[in-house]
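Colleague: Could you take one part of this fold and go through it closely? Start with the packing, then follow the contacts wherever they lead.

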Amino acid sequence: MNTEQLKSFLTELFDSRGDEMYGKEAVTQRQHALQSAVHASRETDDPELVMAALLHDVGHILGESHLPGNLDENLDDSHEARAYPWVRERFGDRVADPVRLHVAAKRYLCTVDPGYAEKLSPTSHKSFLDQGGPMNQSEREAFEAETHFQEAVQLRRWDDAAKDPSASTPDLQHFLSLVDRLGPRPQA
Ligand SMILES: [Fe+2]
């Protein structure tokens, strides 16, 4: 897949699935992705981190995946694990690791920052519990030993702030211009 094909794939993916709601949040998958990328780009001009923000929840809309829409269901759908190999193959570890770790980053922040858990949306708090709740000491140490754990924590905060139904953002094509700078990686 070359750069143009990758941009076309992502355009079609968001055209076909991006208008699905982001679970019980008041934004669509597209709004959530774009708002995450906006928050990232306000704090950094690092294209890998902005791309990670844009794609962090792509696992919800890849293939046949669907985010559980009912809070009574188990909201741990392993979307970060589903997205990881797809993102890594195309953009490398520095984009893919924060994507893989953004769920663990929520558990980490809830563990080390007592005020953080109180600010989570009801859906995010429910999925936090379904995803394992607070980290124990060994989980925390393993997370902090990840090469890109700080990037994952940054991504998590952009993710949490990206649920405003009235926010306006640039469109997807604006952020897909980053694909020209980043990839895709040569296929093995
Ligand atoms: Fe998210």
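**Helix α7 and what it touches**

Modeller: The buried residues of α7 pack against two helices, α5 (93–112) and α9 (149–160). Keep in mind that this is a predicted model.

Which residues of α7 are buried? The helix runs over residues 122–130, and its buried residues are T123, S124, S127 and F128. They cover an arc of only 140° around the axis, so they sit on the same side of α7. The general rule behind this is simple: an α-helix has 3.6 residues a turn, so residues three or four places apart point the same way. Just after the helix comes G132, with a positive phi of about 125°.

Now take S124 from that buried group. S124 belongs to helix α7. Its relative accessible area is 3%, so S124 counts as buried. The cut-off for that is under 20%. Leaving aside neighbours within four places in sequence, S124 is in contact with E25, K106, R156, D160 and K163. Two of these partners lead on. K106 takes us to the helices α5 and α6, and K163 to the metal site.

Go by K106 first. Its C-alpha atom is 8.5 Å from that of A117, with their positions eleven residues apart along the chain. A117 lies in helix α6, residues 114–119. At 21% relative accessibility, A117 is partly exposed. Not counting residues up to four places away in sequence, A117 touches C110 and H125.

T111 is found in helix α5, one of the two helices that the buried residues of α7 pack against. T111 is partly exposed, at 25% relative accessibility. Beyond four places in sequence, T111 touches P134 and M135. For scale, T111 and D46 are 65 residues apart along the chain, and their C-alpha atoms are separated by 28 Å.

Now go by K163. S124 is in contact with K163, and K163 is also among the residues that H32 touches. The other residues touched by H32, not counting those up to four places away in sequence, are Y22, V27, H56, D57, D159 and A162. H32 lies in helix α2. H32 is buried, at 1% relative accessibility. From H32 to R100 the C-alpha distance is 17 Å, across 68 residues of sequence.

What holds the iron ion? Its protein donors are Y22 through OH, H32 through NE2, H56 through NE2, D57 through OD and D159 through OD. They lie 2.2 to 2.6 Å from the ion. Along the chain, the donor residues are spaced Y-x9-H-x23-H-D-x101-D. Y22 sits in the loop between α1 (3–17) and α2 (29–43) and H32 in helix α2, so this pair ties together parts that are ten residues apart in sequence. Y22 is buried too, with a relative accessible area of 9%.

A contrast on burial comes from α1. D15 lies in that helix. With a relative accessible area of 51%, D15 is exposed. The C-alpha atoms of D15 and H39 are 22 Å apart, with the two residues 24 apart along the chain.

Some empty space also borders the metal site. Rolling a probe the size of a water molecule over the atoms shows where empty space is left. Over the whole structure, the search finds two cavities of 30 Å³ or more. The second largest cavity holds about 50 Å³. Its lining is F14, Q29, H32, A33, L54, H56, D57, V58 and I61. Three donors of the iron ion, H32, H56 and D57, are in that lining. By type, the lining divides into five nonpolar residues, three polar and one charged. Helix α2 gives the most to the lining, with three residues.

To retrace the path: S124 of α7 is in contact with K163, H32 touches K163, and H32 is one of the donors of the iron ion.

Methods. Residues numbered from 1 in each chain as written. Predicted model: local features only at pLDDT ≥ 70, side-chain atom pairs only at ≥ 80, totals over all residues. Heavy atoms only, no water. Donors = N, O, S within 2.8 Å, 3.2 Å for Na, K, Ca; no water. Helix = DSSP H or I, 4+ residues; strand = E, 2+ residues; numbered from the N terminus. Buried < 20%, exposed > 50% of the residue type's maximum accessible area, 1.4 Å probe, protein only. 1 Å grid on protein atoms, 1.4 Å probe; cavity = no way out; pocket = protein on both sides within 12 Å on 5 of 7 lines; lining within 4 Å. Points joined across faces, edges and corners; volume = space filled by probe spheres on them. Nonpolar A, V, L, I, M, F, W, Y, C, P; charged D, E, K, R; others polar. Arc of directions from axis to C-beta. Contact = heavy atoms within 4.5 Å.
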